[in-house]
Amino acid sequence: MTAIKHALQRDIFTPNDERLLSIVNVCKAGKKKRNCFLCATVTTERPVQVNVVKVKKSDKGDFYKRQTAWALRDLAVVDAKDAVKENPEFDLHFDKVYKWVASSTVEKNTFISCIWKLNQRYLRKKIDFINVSSQLLEESVPSGENQSVAGGDEEAVDEYQELNAREEQDIEIMMEGCECAISNAEAFAEKLSRELQVLDGANIQSIMASEKQVNILMKLLDEALKEVDQIELKLSSYEEMLQSVKEQMDQISESNHLIHLSNTNNVKLLSEIEFLVNHMDLAKGHIKALQEGDLTSSRGIEACTNAADALLQCMNVALRPGHDMLHAVRQQQQRFSDLREQFARRLASHLNSVFVQQGHDQSSTLAQHSVELTLPNHHPFHRDLLRYAKLMEWLKNTDYGKYEGLTKNYMDYLSRLYEREIKDFFEVAKIKMTGTTREGKKFATLPRKESAVKQETESLHGSSGKLTGSTSSLNKLSVQSSGNRRSQSSSLLDMGNMSASDLDVADRTKFDKIFEQVLSELEPLCLAEQDFISKFFKLQQHQSLSGSATNEAEEMDGGTLSRSYTSGVPQTVSSEKDMIRQMMTKIFRCIEPELNNLIALGDKIDSFNSLYMLVKMSHHVWTAQNVDPASFLSTTLGNVLVTVKRNFDKCISNQMKQMDEVKISKKSKVGILPFVAEFEEFAALAESIFKNAERRGDLDKAYIKLIRAVFVSVEKVANESQKTPRDVVMMENFHHIFATLSRLKISCLEAEKKEAKQKYTDHLQSYVIYSLGQPLEKLNHFFEGVEARVAQGIREEEVSYQLAFNKQELRKVIKEYPGKEVKKGLDNLYKKVDKHLCEEENLLQVVWHSMQDEFIRQYKHFEGLIARCYPGSGITMEFTIQDILDYCSSIAQSH
């Protein structure tokens, strides 16, 4: 235990300027035994601090670490459990009771004894010792023991003391005088012992010789003791005298403490009063502005804004604990609350009046816009209202109920105003789209009353809402000998000297411009209103990457902004960005239906208008998404874009349906099928419209669907054709398709272009072979027999020995085909081809040249067979290849 005590003193307590007085090895009672040490220590500096320290062995090594320390003054009770029997358990009552079990009863008693002595010396018997043997609590202990064990100012005498320098020097001198000091320690020790005995004897003799001096010394000691007694008596009297002085000084000290405490409290009270006065006092000018300030002038609005901010600062001051219990503070807060309520009510009433007045002022300007395709400008109204933006922010922070009421009133007034403006705007757009007067003047240019405009527009629609008298540009197709013709409604178009195609282009261009103007007018109107709402109602517009502009617009339940309240503080269900979108949806609720009606009208006028609308709408949606993909404008245009896309898909489906329903004439040749020409018209128009468009992918998908439908329908018509051979129908139409795709250079239809070329080539070859047939029929039959004999195994040079295929029979067959007969047959063939082919595609010369090449190929084949099977016979055809070329050229020129 001594070694552990030295180790703890060296490693733990010496670095902390502490001395270890007692130690006990303990573990906690009732738990798994994990041993530790309780140490009683005192500090080496004054004032002395006495501690009980818990030290335990580290889990990561063999060193000890300080875990917990308690001040001895916090120790209330020491319970030794049993004062008679030996029991290693004991309790120490600090802030709570700590139960310990010592490794031995001796260590426990030693530790408790040390605690008792420290209590006697430093704590003046404040600790209660219960169940402790009286032997451990003896107050009369020897002074030396009290000083060494009780831990006084002097350090306890250790078992080993280090020699000082003088003692070392004396020992060295002695060892030098004795030669055997190093080699024989026992002899050196005996010598020292003998010398010590000699010295002791000399000292005794000297003392006995000086007995007289001893007696004198004893006498002096007795006198000194008497003097000490007198001094003690005087000190006792002085102590009694100083006791009264001490009491007086204690009273003075307590009085000074009370004076200091009073001064401190006065300073704190002054600070609190200054805080309340500085932060909860509202200037009279501000109070007057809140009660009577002019809310119509810029100067009055500025004064009210400053006063409202000052009031808000006073109301939001962070009161210190206890301030809210002061009557004056509660009274001032009530006054502020009354001022806030009064001003909020006055501000809300004024702004509601401004909203109503705006509706009346804007209504008076509708007449001048009723005949123009423009929307009224709300910028002056926004500019006037933005002067109240800071007051609206104040109202939002202080009285959310009135703020929300103003928001609803604004939406109600403005929604009715915008609804009138937008509906009139769309009526003008519909009139401009649907036609002109007989005198050539547009309806929209004639001044008229609003009711007349609506009545005239409604007259253009049937009871079912459809435009009467107008037809799609893709009507049901009928095949006639002169080609395809489309009917147009004379009620909407003044034909004049223009062709139907020119009228289509003019109408579509006009529609495109009107539709673009409509979108161009709506877009800045919505953006300006959204920007005003965010600034006026203090709603932040954050960019969002989530959501798509083509999602369905969020519906508002009864046109109100849903909110929940907790302790009077509004908790927003949705973000401020959602509030902006909801307000915009409420205010501009008529835009989407009006746009859909306009789109339906344009689609009924001409289904090809859906192409223009898809491009324009896609561009505006793309622009809106770049600004804010989740804004009202982006969402609304995205929803309308879905409708436009459906109309576009419907246009494509109608064209495919019309292809499927096409009927051909049985009395005239087919020529270029109407839907093939329609596809060419559609592709040319689409390419001009979709140039650099954002939604090119939609057109590419439509191209694929249409071209596949065209291919299927061409084959269907070719199979059903009775007047025109199937190969001619296929050849001419696929040639036309190939030419169209080559001219337009549509990248997504490269595969279909190659397929059209292949079909054209295949059917051209098939038609040539079929139409040409066997112009030298008997000669063909003769050589077919020759080839059959060769196939049976007869050598080619031995075929002439066959009776049916000898040279005489060959000459007889050749004589039946002189040049004149060949030319006549070719002339009949040319007429037949000319009768089959149509003039639009101009393939007659191509087909005739292919037939010429096929005829020459057959001629060369016959010559080859004659040379191989009848060698040296000198038999030749009665016409040459040059004759064939001359015949074909002459026939072509003659026709």
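**Group meeting: burial, salt bridges and surface patches**

Of the 895 residues of this protein, 41% count as buried. Keep in mind that this is a predicted model, so every value I give is computed from predicted coordinates.

Some overall figures to begin with. The protein has 29 helices and ten strands. Its accessible surface is about 50900 Å², and carbon and sulfur atoms hold 50% of that. On contacts, take those with a separation of 6 or more: residues 24 or more positions apart make up 70% of them.

Next, the charged pairs. How many salt bridges does the structure hold? The number is 31. I will go through three pairs and one network.

The pair I take up to begin is Asp 91 with Lys 99, whose side chains form a salt bridge at 3.4 Å, N to O. The two ends differ in cover. Asp 91 has a relative accessible area of 3%, so this residue is buried. Lys 99, at 45% relative accessibility, counts as partly exposed.

Then there is Asp 399 with Lys 402, a salt bridge at 3.2 Å, N to O. Asp 399 is buried as well, because its relative accessible area is 13% and the cut-off for buried is under 20%. This pair belongs to a network of salt bridges that links Glu 341, Arg 345, Asp 399 and Lys 402.

The last pair is Asp 412 with Lys 586, where the salt bridge is 4.0 Å, N to O. Which helices do these two residues lie in? Asp 412 is in helix α14, residues 400–434, and Lys 586 is in helix α17, residues 576–587, so the salt bridge ties together parts 174 residues apart in sequence. Here the acid is the partly exposed end, with Asp 412 at 30% relative accessibility. Lys 586 is the buried end, with a relative accessible area of 13%.

Now a histidine. His 620 sits in helix α19, which covers residues 609–627. Is His 620 buried or exposed? It is buried, with a relative accessible area of 5%. Leaving aside residues up to four places away in sequence, His 620 touches Glu 516, Leu 519, Ser 520, Glu 523 and Leu 637.

That leaves the surface, where I have two patches to show.

One patch is negative. Its members are Glu 167, Glu 168, Asp 170, Glu 172 and Glu 176. Taking one of them, Glu 168 lies in helix α4, residues 165–177. With a relative accessible area of 41%, Glu 168 is partly exposed. That value meets the accessibility condition for a patch, because patch residues need over 30% relative accessible area.

The other patch is nonpolar, made of Ile 207, Val 214, Leu 217, Met 218 and Leu 221. Together these residues have about 440 Å² of accessible area. Which helix gives the most to the nonpolar patch? Helix α7, residues 211–279, does, with four residues. Leu 217 is found in helix α7, and at 49% relative accessibility this leucine counts as partly exposed.

To go back over the main items: the structure holds 31 salt bridges, and one of them, Asp 412 with Lys 586, joins helix α14 to helix α17. His 620 is buried in the predicted model. On the surface there is a negative patch that includes Glu 168, and a nonpolar patch that includes Leu 217.

Technical notes:
Residues numbered from 1 in each chain as written. Predicted model: local features only at pLDDT ≥ 70, side-chain atom pairs only at ≥ 80, totals over all residues. Heavy atoms only, no water. Patch = residues over 30% accessible without salt bridge, like charges linked within 9 Å, V, L, I, M, F, W, Y side chains within 5 Å. Areas by Shrake-Rupley, 256 points an atom, 1.4 Å probe, with all protein chains shown as cover. Lys, Arg positive; Asp, Glu negative; His and termini not counted. Charge placed at Lys NZ, Arg CZ, Asp CG, Glu CD. Buried < 20%, exposed > 50% of the residue type's maximum accessible area, 1.4 Å probe, protein only. Contact = heavy atoms within 4.5 Å.
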